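Let's take a walk through this structure together, one stop at a time. Have a look at the sequence and the model before we set off.

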Amino acid sequence: MTAPTGTPGSVTAVYKVSGMSCGHCEGAVSGEIGEIDGVDSVKAVAATGEVTVVSQAPLEEAAVRAAVDEAGFELVGRA
């Protein structure tokens, strides 16, 4: 689900990622997604498998999938 945040013009999206089990996993996923142009912040939570991304505009799912793959995990889809 995409919803506007308190910052004008920003978009928040939540993704499900499988395989994260620790803080290192969270950091790897956050770091790769954070490299996508337009991303303002990323918060990955291994316990839930959810990754919350705040960006300047909606992201292409293919770009998010490629970043998650690069980190060594699998993008399940949008939460």
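How many salt bridges does a search of the whole structure find? Keep in mind that what you're looking at is a predicted model. The search of the whole structure turns up one salt bridge. The partners are Glu61 and Arg65, and their closest N and O atoms sit 2.9 Å apart. Both residues belong to helix α2, which covers residues 61-71. They are four residues apart there, or about one turn of the helix. Buried or exposed, or something in between? Glu61 comes out as partly exposed, because its relative accessible area is 34%. Arg65 is partly exposed too, since its relative accessible area is 31%.

Now for the other helix on our route. Helix α1 runs over residues 23-34, and Ser30 is one of its residues. Ser30 has a relative accessible area of 18%, so this residue counts as buried, the cut-off being under 20%. Who keeps Ser30 company? Setting aside the neighbours within four places in sequence, Ser30 is in contact with Val42, Lys43 and Ala44.

Next, hop over to a loop. Gly49 is found between β3 (39-45) and β4 (50-55), in the loop that lies between these strands. With a relative accessible area of 8%, Gly49 is buried as well, because that value falls under the 20% cut-off. If you leave out residues up to four places away in sequence, Gly49 touches Tyr15, Lys16, Val17 and Met20. For a sense of distance, try Gly49 and Val64: they are 15 residues apart in sequence, and their C-alpha atoms are 15 Å apart in space.

Our last stop is an empty space. Rolling a probe the size of a water molecule over the atoms is a way to see where such space is left. Here, the structure has one cavity of 30 Å³ or more. The largest cavity has a volume of about 60 Å³. Ten residues line the largest cavity, and Val11, Ala13, Tyr15, Pro58 and Leu59 are the ones that lie nearest its centre. Two elements, β2 (11-18) and β4, each give two or more residues to that lining. Which of them gives the most? That would be β2, with three residues. As for the character of the lining, seven of its residues are nonpolar, two are polar and one is charged. You may recognise Tyr15 from the loop stop: this residue is among those that Gly49 touches, and it is also one of those nearest the centre of the largest cavity.

Key. Residues are numbered from 1 along each chain as its sequence is written. This is a predicted model: local features need pLDDT of at least 70, side-chain atom pairs count only at pLDDT 80 or more; totals for chains, interfaces and linings use all residues. Side-chain values use heavy atoms; hydrogens and water are left out. Buried means under 20% relative accessible area, exposed over 50%, partly exposed in between (1.4 Å probe, protein chains only). Contact means heavy atoms within 4.5 Å. A salt bridge is a side-chain nitrogen of Lys or Arg within 4 Å of a carboxyl oxygen of Asp or Glu. On a 1 Å grid over the protein atoms alone, a cavity is a set of points where a 1.4 Å probe fits but cannot get out, and a pocket is an open set with protein on both sides within 12 Å along at least five of seven lines; lining residues have an atom within 4 Å of a point. Grid points are joined across faces, edges and corners, and a volume is the space filled by probe spheres set on the points. Ala, Val, Leu, Ile, Met, Phe, Trp, Tyr, Cys and Pro count as nonpolar, Asp, Glu, Lys and Arg as charged, and the others, Gly among them, as polar.
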